[in-house]
Amino acid sequence: MSQEPAVGTGHKARAKRTAPAIVDMKRRGEKITVVTAYDFPTARIADEAGVEMLLVGDSVGTVMLGYESTLPVTMADMLHHVKAVTRAKTSALVIADMPFMSYQASVEQAILNAGRFVQEAAADAIKLEGGERVVDAVRGIVAAGIPVCGHLGLTPQSVLAFGGYKVQARGEADQERLIREAKALEAAGCFALVLEGIPAKLGGIVSRELAIPTIGIGAGVDCDGQVLVTHDMMGLYLGKTAKFVRRYADLGTGMREGFAAYVADVKAKRFPGEAESY
Ligand code: KIV
């Protein structure tokens with residue numbers, strides 16, 4: 001019954017996936033799947049479907065909280081959602097996304113905020129955006145024993161600097177810089193690297209140059225894994241989705257039809273029926 005606590009619903013936990021195990025998948029040539037999750041049931045359903053990593057993205061701001069960008073998302077918002085996801089006790093590795101201004105001001109602040117995700121919210125790893133400018137923070141967080149996932153290309157927290165959500169690294173100089181930054185993040189200790197909104201060919205080059213797995217979103221089929229925002233792929237995002245999104249279900253239409261049928265039933269006194277009454 002929906003009033004009972006959701007924990008202990010018969011979920012059969014598989015062995016927990018770890019950052020080294022994810023790196024191993026690349027060595028074996030096995031593609032890695034990642035989706036975003038911001039709540040307990042989505043985490044559990046994606047885990048049961050075999051997804052290997054769950055990203056509690058700061059995309060929670062745009063797809064769940066109604067913000068126009070990820071910039072207003074705070075540590076408090078993120079901790080709330082990371083806790084909901086880790087309560088699902090998934091086999092999938094849970095990555096907490098560090099929100100805007102939680103790691104940019106100083107390395108010390110970056111380490112302390114990354115630590116909060118592990119200590120208070122039981123995250124398995126953190127993700128942060130940027131290249132050379134975050135390398136010291138990555139080194140510090142990794143030294144504290146926290147696995148770090150990098151993020152290059154169309155990094156949404158830089159939307160103001162980019163002047164919009166535009167494909168990045170189209171020119172030769174930008175491509176060379178991105179490859180250099182990817183290598184710097186790997187050298188700093190990242191266990192994985194998200195590549196977002198870059199030419200597919202560049203996604204392939206970076207993936208071949210690195211020993212750690214690349215996780216693409218709009219970065220081509222040659223990345224070592226793929227990530228999609230759950231609300232985009234399930235038809236639950238109400239705004240315009242990017243070209244790289246493939247829709248795997250239309251839950252938005254299903255919900256709209258379900259709500260409409262409920263409204264009609266209540267108005268016509270068809271709900272509740274005898275079976276739903278005491
Ligand atoms: O916040 C997020 O969902 C992300 C993915 C788009 C990679 O960073």
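# A walk through the chain, starting at helix α9

Among the elements that cover the buried residues of α9 are α1 (19-28), α8, β6 (192-196) and β7 (214-217). Keep in mind as you look around that this is a predicted model. The residues of α9 that end up buried are L202, G203, G204, V206 and S207.

Take L202 as a way in. This leucine sits in helix α9, which runs over residues 200-209. L202 has a relative accessibility of 2%, so it counts as buried, given that the cut-off for buried is under 20%. Leaving aside residues up to four places away in sequence, L202 touches A169, Q175, L178 and I179. If you want a feel for distances, try going from L202 to D77: the two are 125 residues apart in sequence, and their C-alpha atoms are 34 Å apart in space.

Now step back to Q168. You'll find Q168 in the loop between α7 (159-162) and α8 (172-188). Is Q168 buried or exposed? Its relative accessibility is 16%, so Q168 counts as buried; the cut-off is under 20%. And what does Q168 touch, once residues up to four places away in sequence are set aside? The list is G153, L154, F162, G197, I198 and P199.

With those spots in mind, here's the chain as a whole. Its secondary structure adds up to 11 helices and eight strands. Lay a box along the principal axes, and the C-alpha atoms fill roughly 70 × 40 × 35 Å. How does the radius of gyration fit with a compact globule? For 278 residues, such a globule would come out near 19 Å, and the chain has 20 Å, which agrees. Of the 278 residues, 48% are buried. Take the contacts with a separation of 6 or more: 59% of them are between residues 24 or more positions apart.

What about the outside? The accessible surface of the chain is about 14,300 Å², and carbon and sulfur atoms account for 57% of that. As for charge, there are 31 positive and 32 negative charges, and their mean positions lie 2 Å apart.

Next, head towards the start of the chain, to helix α2 at residues 40-48. Its buried residues are F40, A43, R44, A46 and D47. Why do they belong to one side of α2? They cover an arc of only 165° around the axis, and that puts them on the same side of the helix. Note that the buried set includes R44 and D47. These buried residues pack against β1 (32-36), β2 (53-56) and α4 (75-86). Turn to the face pointing away from the buried side, and you'll meet the exposed residues I45 and E48. Just after α2 comes G50, with a positive phi of about 100°.

Positive phi turns up elsewhere too, so let's follow the backbone to K89. K89 lies in the loop between α4 and β3 (93-97). Phi of K89 is near 45°, a positive value in a residue other than glycine. K89 counts as exposed, because its relative accessibility is 61%, with the cut-off for exposed at over 50%.

Carry on past β3, and you come to the loop between β3 and α5 (107-119), where M101 is found. M101 isn't a glycine either, yet it has a positive phi of about 75°. At 47% relative accessibility, M101 counts as partly exposed. S102 lies in that loop between β3 and α5 as well. Which way does S102 go, buried or exposed? With a relative accessibility of 2%, S102 counts as buried. Again not counting residues up to four places away in sequence, S102 touches M75, Q109, A110 and N113.

One last stop is a backbone detail at F271 and P272. The peptide bond joining F271 and P272 is cis, with omega at about -5°. To find P272 in the structure, look in the segment after α11 (251-267).

How values were computed: Residues are numbered from 1 along each chain as its sequence is written. This is a predicted model: local features need pLDDT of at least 70, side-chain atom pairs count only at pLDDT 80 or more; totals for chains, interfaces and linings use all residues. Side-chain values use heavy atoms; hydrogens and water are left out. Helices (H or I, at least four residues) and strands (E, at least two) are DSSP runs, numbered from the N terminus. The radius of gyration is taken over C-alpha atoms; the globule rule is 2.2 Å times the number of residues to the power 0.38. Buried means under 20% relative accessible area, exposed over 50%, partly exposed in between (1.4 Å probe, protein chains only). Contact means heavy atoms within 4.5 Å. Accessible areas come from the Shrake-Rupley method with a 1.4 Å probe; for residues, only the protein chains shown count as cover. Lys and Arg count as positive and Asp and Glu as negative; His and the chain ends are not counted. The place of a charge is taken as NZ of Lys, CZ of Arg, CG of Asp or CD of Glu. The arc is that of the directions from the helix axis to the C-beta atoms.
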